[in-house]
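Please look at the sequence and the three-dimensional structure shown below before reading on. The report that follows moves from sheets to helices, then to cores and single residues.

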Amino acid sequence: MRFVLLPLLAAALIPPAVSLDAQSRPAAPTASPPATLEVPYRQFQLANGLNVIMHRDTSVPIATVNVWYHVGSANERPGRTGFAHLFEHLMFEGSKNVKEGEFDTRLEGAGGNNNGSTTNDRTNYVIDVPANALELALFLESDRMGYLLDTMSPARVDGQRDVVKNERRQSYENRPYGMASLEIDKMLWPANHPYSWPTIGHMEDLTAASHDDVVQFFKTYYAPNNASLVIGGDIDFDRTKALVEKWFGEIPRGADVAPVAPPSARLTSVKRQTLTDQVRLPRLYLAWLTPRLFAPGDAALDVLSSVLTGGKNSRLYKRLIYDTQMAQEVTAYQGSAALGSSFQIIATARPGHTVAEMQKAIDEEIERLKRQPPDAREVQRAINQIEAGFYRRMERVGGFYGKADQLNAYFAAGGGPDFFAEDLARYTTLTASDIQAAALEWLPADRRVELVVEPEAKK
């Protein structure tokens with residue numbers, strides 16, 4: 001109402017004798033073009049092959065040091081799994097010039113924090129510090145890259161091996177429904193595919209790993225030429241480059257690492273299996289093989305998962321939880337990865353309802369999407385959710401999924417570090433027909449994995 005009345009009020013105040021012709025009338029303001037989404041950076045490479053990316057953001061006086069080693073569980077082999085994740089633990093246990101326990105205490109004393117994570121495709125380490133403690137972070141990171149083996153004794157390997165085994169028990173064996181994800185991976189991927197075994201490794205492989213095995217793994221994959229380093233935040237480019245050369249320049253280059261060459265993965269039928277667990281409610285898992293990260297169809301399946309389960313207005317939430325109340329929870333997601341992906345739908349039944357009921361309803365909703373594209377409003381809501389999350393992550397420089405981590409991710413994927421605009425455009429340019437096409441192509445009812453977890457019989 002306000003925007004309608006104001007122009008009329010302004011016109012009423014002009015004296016009747018005044019006339020504004022076309023030449024004397026003020027020019028209408030022209031809309032400025034939308035700002036280009038970009039994250040400026042500088043990039044260089046040390047003589048030892050370490051790729052370095054720097055991004056300056058002075059919004060807050062912090063700095064982040066983000067290292068990606070281009071090794072994950074996909075670089076392992078049957079019988080020797082779990083090494084990549086084991087190293088995530090060993091890298092915090094001290095190195096030549098940093099005694100055991102000092103890595104954390106030095107950072108905490110400077111007001112910093114750190115973490116690490118392992119996936120199928122990479123291992124990353126994140127240090128966030130006040131900007132004036134940047135050199136400390138670079139020293140600590142360089143010492144474990146170059147001099148970890150100086151202190152990595154068999155006893156230290158055994159100690160972290162036990163920690164990882166206990167983590168596996170907590171995350172899988174002793175967690176309700178915990179073994180389901182391991183079984184799904186075995187059903188989805190061929191036995192010799194690197195995604196068929198868990199990132200945390202098989203228990204028997206962790207037991208069998210020798211100290212020599214672990215040393216060789218480090219020498220192969222933890223070399224500077226198999227890593228990328230991103231430094232972001234309130235930094236000076238010239239000083240930061242000099243510090244990188246000072247602390248990382250003397251680390252020797254390693255042998256070149258051959259890329260992973262996985263066997264082809266394809267489902268030709270429905271694979272069904274039922275597990276029992278110490279749970280109270282049955283749970284259904286449906287899984288399909290889908291395009292790898294950044295491949296055509298990957299983004300559309302992200303949006304499709306949101307149309308199905310992204311909020312209370314989504315199709316499966318409304319049908320299974322609100323309308324029929326047959327399910328206690330339902331979720332869908334596109335698990336994107338470098339060598340291939342999987343799309344999964346997981347639903348837990350409410351008491352008095354069965355897995356068969358849920359599967360029938362889920363299949364009907366998927367088939368409905370195949371026959372008719374989703375409403376434009378559904379698609380826009382899903383894209384809005386993705387876009388909002390995208391910008392929230394860009395507000396942070398450090399931590400997991402902050403700008404520094406994302407610059408590293410884009411670099412590892414093979415493109416330029418500043419791929420932000422192109423990545424977001426993968427979603428914002430999608431149409432309802434794209435979502436329908438993704439459901440038709442990638443979610444066939446006759447080529448998928450169907451896993452059910454049933455409660456164990458009461459004794």
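In this predicted model, five strands make an open sheet whose order is S7-S11-S8-S10-S9, and the pairing within this sheet of 5 strands is mixed. Helices (H or I, at least four residues) and strands (E, at least two) are DSSP runs, numbered from the N terminus, and two strands pair if DSSP finds at least two bridges between them. S7 and strand S9 (327-335) stand at the edges with a single partner strand each, so one side of each is left without a neighbour in the sheet. On average, neighbouring strands of this sheet are turned by 15° against each other, direction ignored. Such angles run from 0 to 180 degrees between N-to-C directions, and the axes are lines fitted to C-alpha atoms, for helices over the stretch in contact.

Residues are numbered from 1 along each chain as its sequence is written. Because the model is predicted, local features need pLDDT of at least 70 and side-chain atom pairs count only at pLDDT 80 or more, while totals for chains, interfaces and linings use all residues; side-chain values use heavy atoms, with hydrogens and water left out.

Strands of a sheet pair through backbone hydrogen bonds, either parallel or antiparallel. Strand S11 (residues 449-455) takes part in both kinds of pairing: with strand S7 (residues 271-277) the pairing is parallel, over 7 bridges, whereas with strand S8 (residues 283-290) S11 runs antiparallel, joined by 5 bridges. The table lists bridge partners from the sheets of this model.

| Residue | Partner residue and its strand |
|---|---|
| Lys 271 | Val 449 in S11 |
| Thr 276 | Glu 454 in S11 |
| Tyr 285 | Leu 451 in S11 |
| Tyr 69 | Thr 123 in S5 |

How many residues of strand S11 are buried? The count is 5 of its 7 residues, and S11 is therefore described as mostly covered, where buried means under 20% relative accessible area, exposed means over 50%, and partly exposed lies in between (1.4 Å probe, protein chains only). Helices also pack against this sheet. Helix H6 (residues 180-188) lies across S7, S8, strand S10 (341-349) and S11, and runs at about 155° to S11. Helix H12 (residues 355-371) touches S8, S9, S10 and S11, and its direction makes about 35° with that of S8.

A further open sheet is formed by 6 strands in the order S1-S2-S6-S3-S5-S4, again with mixed pairing. Its edge strands are strand S1 (42-45) and strand S4 (113-118), each of which pairs on one side only. Within this sheet, strand S3 (residues 62-69) and S5 pair in the antiparallel sense over 8 bridges. Helix H9 (residues 237-248) lies across S1, strand S2 (51-56) and strand S6 (227-233), running at about 150° to S2, and helix H14 (residues 403-412) lies across S1, S2, S3, S5 and S6, running at about 25° to S3.

In soluble globular proteins, nonpolar side chains tend to be buried together. A nonpolar core is a set of buried Ala, Val, Leu, Ile, Met, Phe, Trp, Tyr and Cys residues joined through side-chain atoms within 4.5 Å. The largest such core here has 54 residues, and those with the most contacts inside it include Tyr 69, Phe 87 and Tyr 222. Helix H4 (residues 134-147) gives the most to this core, with 6 residues. Apart from it lies another core, of 38 residues, among them Leu 284, Val 307, Ala 347 and Val 355.

Is Asn 124 buried or exposed? Asn 124, found in strand S5 (residues 123-130), counts as buried because its relative accessibility is 0%. The side chain of Asn 124 makes a polar contact of 2.5 Å with that of Ser 117 and another of 3.2 Å with that of Asp 405. A polar contact is a pair of N or O atoms within 3.5 Å; within protein, one must be able to donate a hydrogen and the other to accept it, and residues adjacent in sequence count only if both atoms are side-chain atoms.

Helix H5 (residues 154-173) holds Ser 171, and Glu 167 lies in helix H5 as well. Ser 171 counts as partly exposed because its relative accessibility is 22%, and Glu 167 is partly exposed with a relative accessible area of 26%. Not counting residues up to four places away in sequence, Glu 167 touches His 85, His 89 and Ile 200, where contact means heavy atoms within 4.5 Å.
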